[in-house]
Protein chains: 2
Amino acid sequence: MARPTSVRIVEVGPRDGLQNEPGFVPVAAKVALIDALAGAGLKVIESGSFVSPKWVPQMADTAEVLAQIDRREGVRYPVLTPNLKGLELAIASGVEEVAVFAAASEAFSARNINCTIAESLTRFAPVLDLARAQGIAVRGYVSCVLGCPYQGEVPVAKVVEVSQALVAMGCYEVSLGDTIGVGTPDKAKAMARAVADHIGVQRTALHFHDTYGQAIANVLACLDLGIATVDAAVAGLGGCPYAKGASGNLATEDLVYMLDGLGVETGVDLDRLAAAGRAITAALGRSPASKVAQALAAKAG
Amino acid sequence: MARPTSVRIVEVGPRDGLQNEPGFVPVAAKVALIDALAGAGLKVIESGSFVSPKWVPQMADTAEVLAQIDRREGVRYPVLTPNLKGLELAIASGVEEVAVFAAASEAFSARNINCTIAESLTRFAPVLDLARAQGIAVRGYVSCVLGCPYQGEVPVAKVVEVSQALVAMGCYEVSLGDTIGVGTPDKAKAMARAVADHIGVQRTALHFHDTYGQAIANVLACLDLGIATVDAAVAGLGGCPYAKGASGNLATEDLVYMLDGLGVETGVDLDRLAAAGRAITAALGRSPASKVAQALAAKAG
């Protein structure tokens with residue numbers, strides 16, 4: 001496959017990003033962020049999570065956020081739903097897409113969601129069934145695809161197996177998460193190729209964290225496979241929960257800058273995107289963790 | 001050409017890096033940095049500059065630094081020498097390699113060194129002649145190879161022309177500087193290919209700044225050309241003098257991490273390198289601008 005001519009960016013800042021920020025963000029700021037991201041041209045904006053507020057207090061206001069955003073034609077606002085209760089709340093909020101998540105590492109699954117990978121997939125079956133019955137699209141996330149904070153190496157075969165299981169259960173797409181950002185380009189490409197060979201390149205998405213500064217290079221390497229869906233978080237929102245003080249998500253600004261330079265269409269206006277990142281990081285009391293955002297601010301200042 | 005099996009890293013932190021840091025670094029800290037970098041396995045460490053202290057006060061102590069470092073067998077400690085006077089001082093300090101610098105942008109040359117590109121090359125001719133007579137290797141830098149802060153676009157043909165001129169004058173290698181870090185992978189690769197086609201891939205080096213977060217991806221793209229010399233600065237020392245607050249040099253730690261992952265040999269010990277970066281940034285009163293350094297520190301903490 002050749003490099004795609006356009007890339008669909010899945011903006012995960014309002015969920016994956018804010019969930020891992022220490023600061024409290026009021027509903028109004030989340031709504032403003034999501035609306036600004038849609039205004040910048042993003043077509044998929046992960047907007048919250050219907051999980052227990054005991055586990056993820058930052059997402060306890062997801063229903064309010066969804067009620068207040070200005071839903072745009074052609075934009076999806078998916079949310080995470082780990083179980084049937086979450087899905088029912090999501091349905092009540094009128095979402096058109098939800099996401100479920102599994103790990104490619106048994107050690108991570110045990111420590112993080114207290115069950116085996118197989119058990120986690122079994123638990124998702126009723127969620128997928130109800131979503132299908134309701135005409136709601138389901139995205140699957142696989143974490144630890146290039147390494148695990150507990151077990152270290154993760155076999156590519158396991159990533160393929162979990163990805164295939166998610167597709168078999170009804171996920172329209174699988175997002176491959178380098179949760180601790182340890183991947184480098186050849187390994188990322190080999191892993192993504194193996195998955196794409198089994199589930200199809202059109203079902204394969206990249207979710208690479210920038211903990212070791214490799215995310216942009218890893219995306220570049222995988223674009224050559226024809227993969228055309230990439231996750232990123234505006235302003236690099238969210239740190240790394242497994243290494244306090246380290247970087248987490250790839251900054252959407254830096255991704256858009258590269259894709260613009262490569263002539264790959266994203267439909268995203270970089271200046272408006274950067275403005276959205278400045279606003280939310282100002283609310284968090286910090287600077288954007290995006291080199292593009294820093295450079296644009298430096299030029300403007 | 002295929003990707004090289006090993007890369008020679010030219011560590012520019014003690015010169016290009018510290019020159020652009022606002023903080024004052026005493027001779028002892030510079031000497032400790034250079035010795036620590038050699039201890040980490042770096043074989044080329046740009047150690048200072050014999051320019052007028054009026055223009056670059058941070059490098060006024062280069063002779064003292066060179067006198068105090070623990071020179072290792074097999075390690076080169078080049079310095080910048082813009083003119084004959086600088087070269088004479090470098091010779092008196094016993095250096096085995098010097099560097100001269102030209103721009104690929106007329107606007108940058110005019111604003112930065114107050115002469116045309118052709119005039120700047122003419123001025124270097126006696127430097128190259130004396131260096132040759134003394135058996136001293138000369139490296140050439142070309143700045144603004146992917147864009148200029150004053151004129152914007154820079155034609156690839158101009159980069160090729162200046163690179164060829166430097167080689168014709170006697171430079172053994174030309175380092176291609178994306179001074180303002182605006183390049184993206186395809187453009188970087190096309191520019192580097194054009195230069196390598198004319199002066200030879202073995203004479204072509206990459207010096208990519210990370211102002212827009214693209215440096216690591218740009219290096220990855222150019223490795224496929226067979227280019228095997230890459231400049232970087234430990235801890236990402238040095239900001240961008242053309243955009244205050246923005247990033248400058250690619251962090252050596254992040255480069256080594258990628259090359260390690262790609263199975264490309266560098267001879268550099270990443271932990272010792274990161275320790276050198278922590279020490280000098282502590283002396284500067286800030287944290288390393290390297291994601292690898294931040295991740296290693298977070299894991300250790």
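# Burial, pairing and contact in a two-chain model

User: Which residues of α9(A) are buried?

Analyst: In this predicted model, the buried residues of α9(A) are Ala215(A), Ile216(A), Ala217(A), Asn218(A), Val219(A), Leu220(A), Ala221(A), Cys222(A) and Leu223(A).

User: What makes helix α9 of chain A largely enclosed by the rest of the structure?

Analyst: The helix spans residues 215-223, and 9 of its 9 residues are buried, so the rest of the structure largely encloses it. To count as buried, a residue must fall under 20% relative accessible area.

User: How do you know that the structure holds no disulfides, and why is Cys144(A) not bonded to Cys148(A)?

Analyst: A search over all chains finds 0 disulfides. For Cys144(A), the closest cysteine sulfur is that of Cys148(A), at 4.4 Å, which is too far for a bond, because a disulfide requires two cysteine sulfur atoms within 2.5 Å. Cys144(A) itself is buried, at 0% relative accessibility. Cys171(A) is likewise in no disulfide, the nearest cysteine sulfur being 15 Å away in Cys115(A), and Cys171(A) is buried, with a relative accessible area of 2%.

User: What makes phi noteworthy in Cys144(B) and in Ala235(B)?

Analyst: Phi of Cys144(B) is near 60°, a positive value in a residue other than glycine, and phi of Ala235(B) is also a positive value near 60° in a residue other than glycine. Cys144(B) sits in the loop between β6 (137-143) and α7 (156-169) of chain B, whereas Ala235(B) sits in the loop between β9 (229-232) and α10 of that chain. Cys144(B) has a relative accessible area of 0%, and Ala235(B) has a relative accessible area of 0%, so each falls under the 20% that defines a buried residue.

User: Why is Thr184(B) called buried, and which residues is Thr184(B) in contact with?

Analyst: The relative accessibility of Thr184(B) is 1%, and because the cut-off is under 20%, the residue counts as buried. Thr184(B) lies in the loop between β7 (173-178) and α8 of chain B. Leaving aside neighbours within four places in sequence, its contacts are Tyr257(A), Met258(A), Gly261(A) and Leu262(A) from chain A, with Gln214(B) and Asn218(B) from chain B.

User: How do you know that Arg3(B) and Asp224(B) form a salt bridge?

Analyst: Their closest N and O atoms are 3.9 Å apart, and because the rule asks for a separation within 4 Å, the pair qualifies. The bridge links distant parts of the chain, 221 residues apart, with Arg3(B) in the segment before β1 (8-11) and Asp224(B) in the loop between α9 and β9 of chain B. Arg3(B) is partly exposed at 26% relative accessibility, and Asp224(B) is partly exposed at 35%; both values lie between the limits of 20% and 50%.

User: What makes the pair of Glu173(B) and Arg139(B) tie together separate parts of the sequence?

Analyst: Glu173(B) and Arg139(B) form a salt bridge with their closest N and O atoms 2.7 Å apart. Since Glu173(B) belongs to strand β7 and Arg139(B) to strand β6 of chain B, the pair ties together parts 34 residues apart in sequence. Both Glu173(B) and Arg139(B) are buried. A further salt bridge joins the side chains of Asp61(B) and Lys30(B), at 2.8 Å from N to O. Asp61(B) is in the loop between β3 (48-49) and α3 (62-68), and Lys30(B) is in helix α2 (residues 27-39) of chain B, 31 residues apart. Asp61(B) and Lys30(B) are both buried.

User: How many residues does each chain give to the contact, and how much area do the chains bury between them?

Analyst: Chain A gives 33 residues and chain B gives 33 residues. Between them the chains bury about 2700 Å², 59% of it on carbon and sulfur atoms. In chain B, the residues losing the most area to chain A are Tyr212(B), Tyr257(B) and Lys291(B), together 25% of what that side buries.

User: Why is the pair of Asp210(A) and Lys291(B) called a salt bridge?

Analyst: The closest N and O atoms of Asp210(A) and Lys291(B) are 2.8 Å apart, and because the limit is within 4 Å, the pair meets the rule. Across the interface the rule finds 4 salt bridges, and the count of residue pairs in polar contact there is 8. The elements of chain B giving two or more residues to the side that touches chain A are α8 (185-199), α9 (215-223), α10 (252-262) and α12 (291-300), with the largest share, 7 residues, coming from α12(B). The residues on that side of chain B divide into 16 nonpolar, 9 polar and 8 charged.

Key. Residues are numbered from 1 along each chain as its sequence is written. Chains are lettered from A and ligands numbered from 1 in the order in which they are written. This is a predicted model: local features need pLDDT of at least 70, side-chain atom pairs count only at pLDDT 80 or more; totals for chains, interfaces and linings use all residues. Side-chain values use heavy atoms; hydrogens and water are left out. Contact means heavy atoms within 4.5 Å. Buried area is the accessible area (1.4 Å probe) that two parts lose on being put together, summed over both. A polar contact is a pair of N or O atoms within 3.5 Å; within protein, one must be able to donate a hydrogen and the other to accept it, and residues adjacent in sequence count only if both atoms are side-chain atoms. Helices (H or I, at least four residues) and strands (E, at least two) are DSSP runs, numbered from the N terminus. Ala, Val, Leu, Ile, Met, Phe, Trp, Tyr, Cys and Pro count as nonpolar, Asp, Glu, Lys and Arg as charged, and the others, Gly among them, as polar. Buried means under 20% relative accessible area, exposed over 50%, partly exposed in between (1.4 Å probe, protein chains only).
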